[in-house]
Amino acid sequence: MASHSQLTPDIHSLWLSEPWLARRVKQGQFVNVRCSAGPDPVLRRPISVADVRGTKLRLVFRVKGRGTAMLARFRNGDVIDLLGPLGRPAPLLANLDILVCGGGVGIAPLLFLTRQLKGRNRIVAALGARSRRELILVDEFRKLGVQVSIATDDGSRGHHGPVTDLVSVSPQTPDPSSQSPSVVYACGPKPMLAALVKKLHPVPVWGFIEERMGCGTGLCYCCALPRKGGGYVRFCEEGPVVLLNEVRL
Ligand SMILES: Cc1cc2nc3c(=O)[nH]c(=O)nc-3n(C[C@H](O)[C@H](O)[C@H](O)COP(=O)(O)OP(=O)(O)OC[C@H]3O[C@@H](n4cnc5c(N)ncnc54)[C@H](O)[C@@H]3O)c2cc1C
Ligand code: FES
(Lines give C-alpha, C1' and ligand atoms only; values in the text may rest on other atoms or scores of the structure.)
(Ligands and ions follow the chains in the order given, each with its own letter.)
Protein backbone atom coordinates (compact mmCIF):
# COMPACT_ATOMS: atom_id res chain seq x y z
CA MET A 1 0.00 0.00 0.00
CA ALA A 2 1.28 3.46 -0.88
CA SER A 3 -0.54 5.67 1.61
CA HIS A 4 -3.33 5.83 4.16
CA SER A 5 -5.09 8.98 5.32
CA GLN A 6 -8.20 9.77 7.29
CA LEU A 7 -10.67 12.14 5.63
CA THR A 8 -13.16 12.31 8.54
CA PRO A 9 -13.34 10.56 11.92
CA ASP A 10 -14.73 7.43 10.22
CA ILE A 11 -13.85 7.76 6.50
CA HIS A 12 -10.47 6.54 5.31
CA SER A 13 -8.59 6.87 2.04
CA LEU A 14 -6.08 4.30 0.81
CA TRP A 15 -3.85 4.82 -2.22
CA LEU A 16 -2.67 1.41 -3.40
CA SER A 17 0.20 0.69 -5.71
CA GLU A 18 -1.54 -1.73 -8.10
CA PRO A 19 -0.21 -1.32 -11.67
CA TRP A 20 -2.16 -4.31 -13.05
CA LEU A 21 -5.51 -3.18 -11.64
CA ALA A 22 -4.89 0.52 -12.24
CA ARG A 23 -4.43 -0.20 -15.96
CA ARG A 24 -7.65 -2.21 -16.21
CA VAL A 25 -10.20 -0.76 -13.80
CA LYS A 26 -12.93 1.47 -15.21
CA GLN A 27 -15.25 4.05 -13.63
CA GLY A 28 -17.98 2.42 -11.53
CA GLN A 29 -16.13 -0.84 -10.94
CA PHE A 30 -15.20 -2.15 -7.51
CA VAL A 31 -12.76 -4.50 -5.84
CA ASN A 32 -13.42 -7.18 -3.25
CA VAL A 33 -11.00 -6.57 -0.40
CA ARG A 34 -9.63 -9.12 2.02
CA CYS A 35 -9.76 -7.18 5.27
CA SER A 36 -7.15 -9.14 7.24
CA ALA A 37 -4.19 -11.41 6.65
CA GLY A 38 -5.95 -14.25 8.54
CA PRO A 39 -9.05 -16.33 7.67
CA ASP A 40 -11.46 -14.03 9.55
CA PRO A 41 -13.61 -12.42 8.23
CA VAL A 42 -14.24 -15.04 5.54
CA LEU A 43 -16.09 -12.75 3.15
CA ARG A 44 -14.24 -10.02 1.33
CA ARG A 45 -15.76 -6.53 1.47
CA PRO A 46 -16.68 -4.70 -1.74
CA ILE A 47 -15.24 -1.19 -2.11
CA SER A 48 -15.60 1.01 -5.19
CA VAL A 49 -12.56 2.43 -6.89
CA ALA A 50 -12.63 6.13 -6.01
CA ASP A 51 -9.83 7.23 -8.31
CA VAL A 52 -6.89 6.08 -10.43
CA ARG A 53 -3.64 7.98 -10.97
CA GLY A 54 -0.93 6.26 -13.01
CA THR A 55 -0.15 2.92 -11.35
CA LYS A 56 -2.08 3.70 -8.17
CA LEU A 57 -5.71 3.30 -7.29
CA ARG A 58 -7.65 4.84 -4.45
CA LEU A 59 -10.23 3.32 -2.12
CA VAL A 60 -12.32 5.55 0.15
CA PHE A 61 -14.44 3.80 2.76
CA ARG A 62 -16.44 4.40 5.90
CA VAL A 63 -15.83 2.17 8.92
CA LYS A 64 -19.13 0.32 9.36
CA GLY A 65 -18.30 -2.91 11.16
CA ARG A 66 -15.53 -5.43 11.70
CA GLY A 67 -14.27 -5.70 8.14
CA THR A 68 -13.87 -2.03 7.42
CA ALA A 69 -12.45 -1.44 10.93
CA MET A 70 -9.72 -3.98 10.09
CA LEU A 71 -9.13 -2.31 6.75
CA ALA A 72 -8.68 1.03 8.50
CA ARG A 73 -5.78 -0.47 10.45
CA PHE A 74 -3.66 -1.12 7.33
CA ARG A 75 -0.64 1.17 7.16
CA ASN A 76 1.84 2.32 4.52
CA GLY A 77 3.86 -0.63 3.25
CA ASP A 78 1.28 -3.28 4.20
CA VAL A 79 0.07 -5.65 1.49
CA ILE A 80 -3.69 -5.74 0.76
CA ASP A 81 -5.26 -8.61 -1.15
CA LEU A 82 -7.75 -7.32 -3.77
CA LEU A 83 -9.97 -9.17 -6.21
CA GLY A 84 -11.02 -7.18 -9.25
CA PRO A 85 -11.90 -5.26 -11.21
CA LEU A 86 -15.48 -6.43 -10.57
CA GLY A 87 -18.82 -5.26 -11.94
CA ARG A 88 -19.55 -3.46 -15.16
CA PRO A 89 -18.12 -0.02 -15.84
CA ALA A 90 -20.58 2.86 -15.60
CA PRO A 91 -21.56 3.99 -19.11
CA LEU A 92 -19.39 6.86 -20.35
CA LEU A 93 -21.92 9.13 -22.00
CA ALA A 94 -20.90 12.16 -24.07
CA ASN A 95 -22.12 15.64 -25.06
CA LEU A 96 -24.64 15.91 -22.23
CA ASP A 97 -25.52 18.12 -19.26
CA ILE A 98 -24.58 15.79 -16.46
CA LEU A 99 -25.32 16.03 -12.77
CA VAL A 100 -23.27 13.91 -10.39
CA CYS A 101 -24.94 13.67 -7.01
CA GLY A 102 -23.23 12.08 -4.03
CA GLY A 103 -24.22 11.60 -0.42
CA GLY A 104 -21.77 10.73 2.36
CA VAL A 105 -19.11 8.22 1.39
CA GLY A 106 -21.10 7.76 -1.85
CA ILE A 107 -19.27 10.84 -3.13
CA ALA A 108 -16.11 8.75 -3.54
CA PRO A 109 -16.75 6.63 -6.68
CA LEU A 110 -18.19 9.68 -8.44
CA LEU A 111 -14.74 11.26 -8.42
CA PHE A 112 -13.23 8.63 -10.73
CA LEU A 113 -16.35 8.73 -12.90
CA THR A 114 -16.25 12.54 -13.13
CA ARG A 115 -12.58 12.43 -14.12
CA GLN A 116 -13.53 10.14 -17.02
CA LEU A 117 -16.64 12.14 -18.04
CA LYS A 118 -14.87 15.50 -17.92
CA GLY A 119 -13.99 16.99 -21.29
CA ARG A 120 -16.82 15.11 -23.03
CA ASN A 121 -19.74 16.69 -21.11
CA ARG A 122 -20.90 19.71 -19.14
CA ILE A 123 -20.85 18.52 -15.52
CA VAL A 124 -22.14 19.93 -12.25
CA ALA A 125 -21.84 18.17 -8.89
CA ALA A 126 -24.18 18.22 -5.90
CA LEU A 127 -22.44 16.81 -2.83
CA GLY A 128 -24.04 16.24 0.55
CA ALA A 129 -23.16 14.96 3.99
CA ARG A 130 -24.48 14.98 7.54
CA SER A 131 -22.20 17.87 8.48
CA ARG A 132 -19.19 19.90 7.30
CA ARG A 133 -16.84 17.46 9.05
CA GLU A 134 -18.35 14.56 7.13
CA LEU A 135 -18.02 16.16 3.71
CA ILE A 136 -15.32 14.59 1.54
CA LEU A 137 -13.41 15.26 -1.69
CA VAL A 138 -14.99 18.66 -2.49
CA ASP A 139 -11.63 20.20 -3.46
CA GLU A 140 -10.86 17.29 -5.74
CA PHE A 141 -14.09 17.80 -7.67
CA ARG A 142 -13.32 21.53 -7.93
CA LYS A 143 -9.83 20.74 -9.24
CA LEU A 144 -11.52 18.87 -12.09
CA GLY A 145 -13.17 22.16 -13.06
CA VAL A 146 -16.62 21.02 -12.01
CA GLN A 147 -19.10 23.44 -10.48
CA VAL A 148 -19.92 22.07 -7.00
CA SER A 149 -23.00 22.74 -4.84
CA ILE A 150 -23.00 21.56 -1.26
CA ALA A 151 -25.68 20.57 1.22
CA THR A 152 -25.38 19.40 4.81
CA ASP A 153 -28.11 17.97 7.02
CA ASP A 154 -27.17 20.27 9.90
CA GLY A 155 -26.53 23.37 7.75
CA SER A 156 -22.86 23.64 8.83
CA ARG A 157 -21.83 24.08 5.17
CA GLY A 158 -23.80 24.98 2.06
CA HIS A 159 -27.53 24.43 1.84
CA HIS A 160 -29.23 23.34 5.08
CA GLY A 161 -31.04 20.13 4.12
CA PRO A 162 -30.69 16.99 2.02
CA VAL A 163 -28.56 17.06 -1.12
CA THR A 164 -31.68 16.22 -3.15
CA ASP A 165 -32.91 19.78 -2.42
CA LEU A 166 -30.16 21.02 -4.74
CA VAL A 167 -31.50 19.27 -7.82
CA SER A 168 -34.60 19.89 -9.86
CA VAL A 169 -36.07 19.52 -13.30
CA SER A 170 -36.34 23.15 -14.29
CA PRO A 171 -37.41 24.84 -17.50
CA GLN A 172 -34.59 25.95 -19.81
CA THR A 173 -33.02 29.15 -18.43
CA PRO A 174 -30.11 31.32 -19.58
CA ASP A 175 -28.16 30.30 -16.44
CA PRO A 176 -26.38 27.04 -17.34
CA SER A 177 -26.05 26.04 -13.68
CA SER A 178 -29.81 25.97 -13.23
CA GLN A 179 -30.61 23.96 -16.34
CA SER A 180 -32.04 20.49 -15.98
CA PRO A 181 -29.53 17.69 -16.32
CA SER A 182 -30.05 15.33 -19.23
CA VAL A 183 -28.62 12.49 -17.18
CA VAL A 184 -27.68 11.92 -13.56
CA TYR A 185 -25.09 9.69 -11.90
CA ALA A 186 -25.68 9.21 -8.19
CA CYS A 187 -24.23 7.34 -5.26
CA GLY A 188 -25.45 7.44 -1.68
CA PRO A 189 -27.98 5.96 0.70
CA LYS A 190 -30.97 4.19 -0.86
CA PRO A 191 -33.51 6.84 0.27
CA MET A 192 -31.40 9.51 -1.44
CA LEU A 193 -31.32 7.51 -4.68
CA ALA A 194 -35.07 6.85 -4.54
CA ALA A 195 -35.78 10.56 -3.91
CA LEU A 196 -33.62 11.55 -6.89
CA VAL A 197 -35.42 9.22 -9.27
CA LYS A 198 -38.79 10.51 -8.10
CA LYS A 199 -37.83 14.18 -8.16
CA LEU A 200 -36.06 14.12 -11.53
CA HIS A 201 -38.50 11.89 -13.41
CA PRO A 202 -38.20 11.26 -16.37
CA VAL A 203 -34.45 12.07 -16.35
CA PRO A 204 -32.37 8.85 -16.41
CA VAL A 205 -30.55 8.30 -13.10
CA TRP A 206 -27.61 5.89 -13.09
CA GLY A 207 -27.09 4.84 -9.49
CA PHE A 208 -24.22 3.09 -7.76
CA ILE A 209 -25.75 0.39 -5.56
CA GLU A 210 -23.59 -0.26 -2.50
CA GLU A 211 -25.84 -2.60 -0.53
CA ARG A 212 -25.02 -5.91 1.09
CA MET A 213 -23.30 -8.32 -1.26
CA GLY A 214 -22.29 -11.98 -0.95
CA CYS A 215 -20.12 -13.67 -3.56
CA GLY A 216 -19.63 -10.54 -5.70
CA THR A 217 -19.42 -12.70 -8.82
CA GLY A 218 -23.04 -13.33 -9.86
CA LEU A 219 -23.57 -16.74 -8.26
CA CYS A 220 -25.52 -16.34 -5.02
CA TYR A 221 -28.27 -13.83 -5.99
CA CYS A 222 -28.11 -12.18 -2.55
CA CYS A 223 -27.59 -8.78 -4.19
CA ALA A 224 -30.62 -9.06 -6.51
CA LEU A 225 -32.93 -6.04 -6.90
CA PRO A 226 -36.42 -6.52 -8.42
CA ARG A 227 -36.62 -5.16 -11.96
CA LYS A 228 -39.78 -3.20 -12.78
CA GLY A 229 -41.75 -5.42 -15.15
CA GLY A 230 -40.30 -8.66 -13.75
CA GLY A 231 -37.03 -10.41 -13.08
CA TYR A 232 -34.05 -9.27 -11.08
CA VAL A 233 -30.88 -7.26 -11.48
CA ARG A 234 -27.84 -8.69 -9.69
CA PHE A 235 -25.99 -5.50 -9.06
CA CYS A 236 -22.62 -7.25 -8.59
CA GLU A 237 -22.91 -8.52 -12.19
CA GLU A 238 -25.22 -6.19 -14.12
CA GLY A 239 -24.16 -3.28 -11.87
CA PRO A 240 -23.14 -1.97 -9.47
CA VAL A 241 -24.15 1.04 -11.57
CA VAL A 242 -27.70 0.46 -12.74
CA LEU A 243 -30.37 2.57 -14.35
CA LEU A 244 -32.45 3.27 -11.26
CA ASN A 245 -35.54 4.13 -13.27
CA GLU A 246 -35.75 0.40 -14.14
CA VAL A 247 -35.48 -1.18 -10.66
CA ARG A 248 -37.36 -1.16 -7.38
CA LEU A 249 -35.08 0.18 -4.68
C1 LIG B 1 -20.36 -2.58 -5.05
C2 LIG B 1 -20.15 -1.98 -3.69
C3 LIG B 1 -19.26 -0.95 -3.56
C4 LIG B 1 -19.06 -0.38 -2.30
N5 LIG B 1 -18.20 0.65 -2.21
C6 LIG B 1 -17.99 1.24 -1.03
C7 LIG B 1 -17.09 2.34 -0.92
O8 LIG B 1 -16.47 2.77 -1.90
N9 LIG B 1 -16.91 2.89 0.31
C10 LIG B 1 -17.59 2.43 1.42
O11 LIG B 1 -17.42 2.97 2.51
N12 LIG B 1 -18.45 1.40 1.33
C13 LIG B 1 -18.67 0.79 0.15
N14 LIG B 1 -19.52 -0.26 0.08
C15 LIG B 1 -20.17 -0.74 1.32
C16 LIG B 1 -19.17 -1.64 2.07
O17 LIG B 1 -18.92 -2.79 1.29
C18 LIG B 1 -19.74 -2.05 3.44
O19 LIG B 1 -19.85 -0.91 4.26
C20 LIG B 1 -18.84 -3.07 4.11
O21 LIG B 1 -18.91 -4.28 3.39
C22 LIG B 1 -19.28 -3.31 5.54
O23 LIG B 1 -18.41 -4.31 6.04
P24 LIG B 1 -18.03 -4.39 7.57
O25 LIG B 1 -17.38 -5.68 7.83
O26 LIG B 1 -17.31 -3.16 8.01
O27 LIG B 1 -19.45 -4.33 8.24
P28 LIG B 1 -20.29 -5.57 8.77
O29 LIG B 1 -19.74 -5.97 10.10
O30 LIG B 1 -20.46 -6.58 7.71
O31 LIG B 1 -21.64 -4.79 8.98
C32 LIG B 1 -21.70 -3.65 9.84
C33 LIG B 1 -22.94 -2.85 9.52
O34 LIG B 1 -22.90 -2.40 8.16
C35 LIG B 1 -24.04 -2.88 7.45
N36 LIG B 1 -23.56 -3.24 6.11
C37 LIG B 1 -22.89 -4.36 5.75
N38 LIG B 1 -22.65 -4.36 4.43
C39 LIG B 1 -23.14 -3.22 3.96
C40 LIG B 1 -23.20 -2.66 2.68
N41 LIG B 1 -22.71 -3.28 1.60
N42 LIG B 1 -23.76 -1.45 2.56
C43 LIG B 1 -24.27 -0.82 3.63
N44 LIG B 1 -24.26 -1.31 4.87
C45 LIG B 1 -23.70 -2.50 5.03
C46 LIG B 1 -24.52 -4.08 8.23
O47 LIG B 1 -25.90 -4.30 7.99
C48 LIG B 1 -24.21 -3.68 9.64
O49 LIG B 1 -25.22 -2.83 10.15
C50 LIG B 1 -19.76 -0.86 -1.16
C51 LIG B 1 -20.65 -1.91 -1.30
C52 LIG B 1 -20.85 -2.46 -2.55
C53 LIG B 1 -21.80 -3.59 -2.70
S1 FES C 1 -23.38 -10.95 -4.60
FE2 FES C 1 -23.70 -12.96 -5.24
S3 FES C 1 -24.85 -12.69 -7.06
FE4 FES C 1 -24.35 -10.68 -6.46
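**View 1. Arg58, a buried arginine in a predicted model.** Arg58 has a relative accessible area of 5%, so Arg58 counts as buried, the cut-off being under 20%. The model shown here and in the other views is predicted. Arg58 belongs to strand S5, residues 56-62. Its side chain makes a polar contact of 2.5 Å with the side chain of Glu140. Leaving aside residues up to four places away in sequence, Arg58 touches residues including Leu7, Ser13, Leu14 and Trp15. Ser48, Val49, Ala50 and Asp51 are also among the residues touched by Arg58. Leu111, Leu137 and Glu140 are further contacts of Arg58.

**View 2. Leu137, a contact of Arg58 with positive phi.** Leu137 is one of the residues that Arg58 touches. Phi of Leu137 is near 65°, a positive value in a residue other than glycine. Leu137 sits in the loop that runs between strand S8 (122-129) and helix H4 (138-143). Is Leu137 buried or exposed? Leu137 is buried, at a relative accessible area of 6%.

**View 3. Asn95, an exposed loop residue with positive phi.** Asn95 is not a glycine, yet its phi is positive, at about 60°. The loop that holds Asn95 lies between strand S6 (82-86) and strand S7 (97-103). Relative accessibility of Asn95 is 62%, so Asn95 counts as exposed, the cut-off being over 50%.

**View 4. Two cis peptide bonds that lead into prolines.** The bond from His201 to Pro202 is cis, with omega near 10°. Pro202 is found in the loop between helix H5 (190-200) and strand S12 (205-208). The bond from Gly239 to Pro240 is also cis, and its omega is near 15°. Pro240 lies in the loop between strand S14 (232-234) and strand S15 (241-243).

**View 5. The largest nonpolar core.** This core has 31 residues. Which residues have the most contacts inside it? They are Val100, Leu113, Phe141 and Tyr185. At least two core residues come from each of S7, helix H3 (108-117), S8, H4, strand S9 (147-152) and strand S11 (183-187). H3 gives the largest share, five residues. Leu113 touches Gln27, Ala90, Val100, Tyr185 and Phe208, with residues up to four places away in sequence not counted. A second, separate core has 27 residues, among them Ala186, Met192, Cys223 and Phe235. In soluble globular proteins, nonpolar side chains tend to be buried together.

**View 6. Helix H5, with a buried side and exposed residues opposite.** Met192, Leu193, Leu196, Val197 and Leu200 of H5 are buried. These residues lie on the same side of H5, because they cover an arc of only 135° around the axis. The buried residues of H5 pack against S7, S11 and S12. Which residues are exposed on the other side of H5? Pro191 and Lys198 are exposed there. Met192 of H5 also appears in the second core, the one with 27 residues.

**View 7. The surroundings of ligand 1.** How many residues surround ligand 1? There are 21 of them, and the closest are Arg45, Pro46, Arg62, Gly67 and Thr68. Backbone atoms of the protein come within polar-contact distance of the ligand at Val60, Gly65 and Glu210. A backbone N or O atom of Val60 is 2.9 Å from a nitrogen atom of ligand 1. A backbone N or O atom of Gly65 is 2.8 Å from an oxygen atom of ligand 1. For Glu210, a polar backbone atom is 2.8 Å from a nitrogen atom of ligand 1. Taken alone, ligand 1 exposes 870 Å², and the protein buries 80% of that.

**View 8. Lys228, a partly exposed lysine.** Lys228 lies in the loop between strand S13 (224-226) and S14. With a relative accessibility of 41%, Lys228 counts as partly exposed. What does the side chain of Lys228 reach at 3.0 Å? It reaches the backbone oxygen of Asn245. Lys228 touches Leu244, Asn245, Glu246, Val247 and Arg248, not counting residues up to four places away in sequence. The C-alpha atoms of Lys228 and Phe112 are separated by 29 Å. Along the chain, these two residues are 116 residues apart.

Note on methods. Residues are numbered from 1 along each chain as its sequence is written. Chains are lettered from A and ligands numbered from 1 in the order in which they are written. This is a predicted model: local features need pLDDT of at least 70, side-chain atom pairs count only at pLDDT 80 or more; totals for chains, interfaces and linings use all residues. Side-chain values use heavy atoms; hydrogens and water are left out. Helices (H or I, at least four residues) and strands (E, at least two) are DSSP runs, numbered from the N terminus. Buried means under 20% relative accessible area, exposed over 50%, partly exposed in between (1.4 Å probe, protein chains only). A nonpolar core is a set of buried Ala, Val, Leu, Ile, Met, Phe, Trp, Tyr and Cys residues joined through side-chain atoms within 4.5 Å. Contact means heavy atoms within 4.5 Å. A residue is near a molecule or strand if one of its heavy atoms lies within 4 Å of it. A polar contact is a pair of N or O atoms within 3.5 Å; within protein, one must be able to donate a hydrogen and the other to accept it, and residues adjacent in sequence count only if both atoms are side-chain atoms. Accessible areas come from the Shrake-Rupley method with a 1.4 Å probe; for residues, only the protein chains shown count as cover. The arc is that of the directions from the helix axis to the C-beta atoms.
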